[in-house]
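Thank you for sending the coordinates for comment. My notes on the model are set out below, after the structure itself.

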Amino acid sequence: MQPIEPIALYILVFIMFGVLLTWAWLLTYCRRSLKYSPKLEDIRKVNLNLTPRVSIIVPGLNEEKYIGRCLQSLLAQDYLNLEIISVDDGSTDSTLTAMKSVASLDQRLRVIEAGQRPSGWVGKNWACSIGYNNSTGDILIFTDADTVHSEQTVTLAVHHMLQENLSAITAIPKLMSDDFLTSVTLPLLSVFLQTKFSPLKVNDSTNKLGYFFGSFFAIIRGHYESIGTHREVRTEIIEDGAIGSLVKKRGIKMKMFRGENCVDALWARDRQGLWNGLLRLLVPMHREQGNKTVPMVIAIAFLMLFPFIALPGGIYFAYRVEYNFLGIFLAGAGLVTLCIMMMTTALILSQSIKTSKKLALGSLIGAAVITLSFIISMFRAHKPRSFAWKGRTYV
C-alpha cells in the first residue's frame, strides 16, 4: 500500500494542475469575449428613413404566464414598420386567449393557430414555419414567448443589418430564472456558452461555427428561404442553433451581438425545467458525436467537481508527514482553482446575467447539477425516452 499512495497522489496533483490551468483559460477567455464582443446597443447612427418591413414571429405553447408581456414589449417598439405574428402551437391553457386579448388592442398583432403538427416536425419548428407562411416582411425576426425586449431592440437590429450589410444577426440574451437552483446553475452553464458560442468565434469568417439564440435572431427573408426555412431543420431539437449553423455554412453574412441590455430571456421556470433544458442541450450533442463524448463527460466531471474534492483531500494528506508537500500543493491548487471558478462565475453574473455576484457561492450546487446532467444525457442519448421543454415533448 505504501508505494502505491505516492503515485496516486502525484496523479491527483497532476490532474488538479490541469484543472487549474483550464479554469484560468476559461476566465481569460470569458473576459476577452465579454470585452471585445459587439453590443447590440452600440451603433453609429440610426437613420429613421430606412425602415424595411419587419415581421416578428412569436411561437407559443402553454405560455399564458409570459406571452402577454412578450407581445406588449414588441408592440412598444419604437420601430414602426412592423407586424407581429403570434402563433399558438396547440396550447391547452389560456395562451391563445391571452394572445387574442393583446391583439385586440393593436392591429399590428395577428394571432394564428398552428394546427396539428405534421409527422417528423419537432419542437417549435412547425409554429415558426406557420408564422413565416403568414408573414409579409422583408426581414424576419424570431423570438420566444417568454422573452421581453427593450423598446429599441428591433430598431437596433435592423440598423446594424443595414449599416454593416448583414443578412442575419442574433443576440445573446440576459438569461433569467424563477428558482434558486437554476440561478446557481446558470452562471456555470453560461461560462461554457460564452466560450463555445462566443461572438468572437461566430463573427470570425475563418471559423466554421454558426449559431443563433432562439430568443432573438433576425434574417433577411430571401436568405431564410435559401437555406430551406424551418422545414430544413424540422427534425432538430435545437432548431435555432441548427439554422445559425446553416447560415454560416452557406456563406451568408451574419453577426452575433451581446444583447443583455436589450433582450431578457427566461431560461428555466423551475427545477424540472432546468433539468429538461440541460438534457435538450446535451442529448443532441451525444447523439451526433456518439462515444466521442465520453472523454468530454469525464473531463467536465473533473473540471466541475475535482476542485471541491482536492481542497479537503489535500488538507488530509498535508497532515500526514510523508505526504506533506504533495498534500499542501494539492490543497493549494484546489483553493486557487475554486477562487478562479468564483471569479469566473461572478464575472458572468455581473456582466452577462446581471444579477448578484453572491450566487457564485452556489457553484458547488451548479457544478453537481451540470455534471449529473452530462452523465445522464450520455446514457439517454440513444434510448427512445422523451423529455419536456417549455411545454413541448422531445424524443
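The points that follow take up a helix, a surface patch and an internal cavity in turn.

1. Since this is a predicted model, the remarks here concern computed geometry. Helix α12 covers residues 324-353, which makes 30 residues, and the distance from its first C-alpha to its last is 41 Å, close to the 44 Å expected at 1.5 Å a residue. The residue that follows α12 is K354, and its phi is positive, near 60 degrees.

2. On the surface, a nonpolar patch is formed by F17, L21, F325 and F329, which together have about 430 Å² of accessible area. Two elements, α1 (4-36) and α12, each give two or more residues to this patch. As background to such spacing, an α-helix has 3.6 residues a turn, so residues three or four places apart point the same way.

3. Is F17, a member of that patch, buried, partly exposed or exposed? F17 is found in helix α1, and because its relative accessible area is 40%, it counts as partly exposed, a class that lies between the limits of 20% and 50%.

4. Turning to the interior, a search of the whole structure finds three cavities of 30 Å³ or more. The second largest cavity holds about 90 Å³ of space, and its lining consists of I172, P173, L175, S190, L193, Q194, F197, F213 and S352. Helix α6, residues 180-196, gives the most to this lining, with three residues.

Definitions and conventions: Residues are numbered from 1 along each chain as its sequence is written. This is a predicted model: local features need pLDDT of at least 70, side-chain atom pairs count only at pLDDT 80 or more; totals for chains, interfaces and linings use all residues. Side-chain values use heavy atoms; hydrogens and water are left out. Helices (H or I, at least four residues) and strands (E, at least two) are DSSP runs, numbered from the N terminus. The expected span of a helix is 1.5 Å times one less than its number of residues. Patches are made of residues with over 30% relative accessible area and no salt bridge: like charges are joined within 9 Å, nonpolar side chains (Val, Leu, Ile, Met, Phe, Trp, Tyr) within 5 Å. Accessible areas come from the Shrake-Rupley method with a 1.4 Å probe; for residues, only the protein chains shown count as cover. A salt bridge is a side-chain nitrogen of Lys or Arg within 4 Å of a carboxyl oxygen of Asp or Glu. Buried means under 20% relative accessible area, exposed over 50%, partly exposed in between (1.4 Å probe, protein chains only). On a 1 Å grid over the protein atoms alone, a cavity is a set of points where a 1.4 Å probe fits but cannot get out, and a pocket is an open set with protein on both sides within 12 Å along at least five of seven lines; lining residues have an atom within 4 Å of a point. Grid points are joined across faces, edges and corners, and a volume is the space filled by probe spheres set on the points.
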